[in-house]
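Colleague: I have a model open on my screen and would like to learn how to read it. Could you walk me through it?

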There are 2 protein chains.
Amino acid sequence: MVNYPNKQSNYNKKKISKSNRGMSFETIINETNEYYINNEKAIIHKKPIPIQIVNVSYPSRSAAVIKEAYYKTPSTTDYNGVYKGYYIDFEAKETHKETSFPLSNIHSHQIDHLRQVNFHGAVSFILVSFTKLDRFFLLETPVLINFVNRSLTGRKSITLEEFVQYGYEIKEGYAPRLDYIKIVDQIIEKRLNHKN
Amino acid sequence: MVNYPNKQSNYNKKKISKSNRGMSFETIINETNEYYINNEKAIIHKKPIPIQIVNVSYPSRSAAVIKEAYYKTPSTTDYNGVYKGYYIDFEAKETHKETSFPLSNIHSHQIDHLRQVNFHGAVSFILVSFTKLDRFFLLETPVLINFVNRSLTGRKSITLEEFVQYGYEIKEGYAPRLDYIKIVDQIIEKRLNHKN
């Protein structure tokens, strides 16, 4: 969404030539979303972090300064927006584990939120980064819910093999970095075929 | 979304019997959205206020305390969510004027955002409260854009008469307080008829 004309050209070169090691998953997604916006593909934003503001001071002639505030537990997922009129909603999580993704990484109210928006027809999912493997997966909400249900009596995580089998792997690219909209297209097509 | 079983029963009675005078527009919309969520009608949330956090302290054994932070200009609208699979996006504004709504009330990047999501098929609009008149209007983005364009060379506001003529008036109710989804239904129907 923003160009940085004043940044040294080395900065961008470095970013292009290097792999993602050290680049946070959030940065990868934000860059992807920026690409989608700039290329008029989709409008998807990260929501601001919810903060409980307790004390604000107004120094004379200058802007308000928040002097005391606390992080609130988010009641929704981090990302949402619009693609081809569809409501898109997802949560992004990374794990340093190499063989499975612990479900405890996702807040229960975020799972509730995904369940709710899914009920109302959203295209909703989680994006999971296995940082040590440089592998990325998209898992649709209904599939996630199945694993959440399983965790009530059994395994508390989703294995890498299960991501391979029940999710969509997204190969990393350059522009966009993580083209998850390609998978959203598949999901929409699947849905439309189901209707007919 | 939340029940307050411990609140005195008088509290609710008062709220029901009184008019909105003193009740902020934001509260009215939040109550409406809560109603929609509780009644499985739609999932629409207010986004958190964007904050630039500068300094956080971690007192021992307790949660993080934000010690210095600043309000950031929002780059999107305040409300978005899903209804029947459609992406819904709007900004809510109130005015104390009795005959017109000044366009300077809406940040230019919020107008850009509405323009963008409209382009991508969102059902997007502004909700405007004329607080002194207790009248509420929904104005779709394309209509808003026309008035924004007019303001470049002419009038910098939208008159009450124009809201009556080009917008949708929403009569206030009890549950939900401001049933804007009813208008969204009309917009969707109009759109579907247009396609056929």
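Modeller: Happily; we will go from confidence to the pairing of the chains, then to the cores, a helix and some charged pairs.

Colleague: Where do I start with confidence?

Modeller: Start with the fact that this is a predicted model. Chain A has an average pLDDT of 89, and 87% of its residues score at least 70. For the model as a whole, ipTM is 0.85 and pTM is 0.86.

Colleague: Over which residues of chain A does pLDDT stay under 50?

Modeller: That is the stretch of residues 1-20 in chain A, for which the model has 16 contacts beyond four places in sequence.

Colleague: What does chain A consist of, in broad strokes?

Modeller: Chain A has 6 helices and 10 strands. Of its 196 residues, 46% are buried. To see how the chain folds back on itself, look at contacts with a separation of 6 or more: in chain A, 63% of them join residues 24 or more positions apart.

Colleague: How are the two copies related?

Modeller: The idea is to lay one copy on the other and ask what movement that takes. Here a turn of 180 degrees, with a shift of 0.0 Å along the axis, puts chain B on chain A with an RMSD of 0.0 Å. The two copies are therefore related as by a two-fold rotation axis. In chain B, B:Y87 has the C-alpha nearest that axis, at 2.1 Å.

Colleague: Why can we say that the copies meet through the same surface?

Modeller: Because 100% of the interface residues of chain B are also interface residues in chain A. Chain B brings 37 residues to the contact and chain A brings 37 residues.

Colleague: How much area is buried there, and which residues of chain B lose the most?

Modeller: About 3,000 Å² is buried between chain B and chain A, with carbon and sulfur atoms giving 67% of it. On the chain B side, B:I66, B:Y71 and B:H120 lose the most area to chain A, together 21% of what that side buries.

Colleague: How many salt bridges are counted between chain B and chain A?

Modeller: The count between chain B and chain A is 0, although over all chains there are 18 salt bridges. We will come to a few of those.

Colleague: First, how do I read the inside of the protein?

Modeller: Look for buried nonpolar side chains that touch one another. The largest nonpolar core has 27 residues, and those touching the most other members are A:I88, A:F90, A:F125, A:L127, A:L138, A:Y180 and A:V184. Among the elements of chain A that give two or more residues to this core are helix 2 (25-38), strand 5 (86-95) and strand 7 (123-130). Helix 6 of chain A gives the largest share, 6 residues.

Colleague: What does A:V184 touch?

Modeller: Leaving aside residues up to four places away in sequence, A:V184 touches A:Y83, A:I88, A:V123 and A:F125. Another core, of 26 residues, lies apart from the largest one; B:A42, B:V123, B:F125 and B:F136 are among its members.

Colleague: How do I read a helix?

Modeller: An α-helix has 3.6 residues a turn, so residues three or four places apart point the same way. Keep that in mind for helix 4 (residues 141-153) of chain A, where A:T141, A:V143, A:L144, A:I145, A:F147, A:V148 and A:S151 are buried.

Colleague: What covers the buried residues of helix 4 of chain A?

Modeller: The cover includes helix 3 (108-119), strand 7, strand 8, strand 9 (157-159) and helix 5 (160-166) of chain A.

Colleague: And the charged pairs?

Modeller: Side chains of opposite charge can pair when their charged atoms come close. One such salt bridge joins A:E91 and A:K93, at 3.4 Å from N to O.

Colleague: Is A:E91 buried or exposed?

Modeller: A:E91 is buried, at a relative accessible area of 2%, and A:K93 also counts as buried, at 15%. Now take the salt bridge between A:K171 and A:E169, at 3.7 Å from N to O. There A:K171 is exposed, at 65% relative accessibility, while A:E169 is partly exposed, at 27%.

Colleague: Which residues are joined into one network by salt bridges that share partners?

Modeller: Begin with A:E172 and A:R177, whose side chains meet in a salt bridge at 3.8 Å, N to O. A:E172 is partly exposed, with 34% relative accessibility, whereas A:R177 is buried, with 6%. Through shared partners, salt bridges join A:E31, A:E172 and A:R177 into one network.

How values were computed. Residues numbered from 1 in each chain as written. Chains lettered and ligands numbered in written order. Predicted model: local features only at pLDDT ≥ 70, side-chain atom pairs only at ≥ 80, totals over all residues. Heavy atoms only, no water. pLDDT = per-residue confidence, 0-100. Contact = heavy atoms within 4.5 Å. Least-squares fit on C-alpha atoms with pLDDT ≥ 70 in both. Core = buried A, V, L, I, M, F, W, Y, C linked by side-chain atoms within 4.5 Å. Buried < 20%, exposed > 50% of the residue type's maximum accessible area, 1.4 Å probe, protein only. Helix = DSSP H or I, 4+ residues; strand = E, 2+ residues; numbered from the N terminus. Buried area = accessible area lost by both parts, 1.4 Å probe. Salt bridge = Lys/Arg side-chain N within 4 Å of Asp/Glu carboxyl O.
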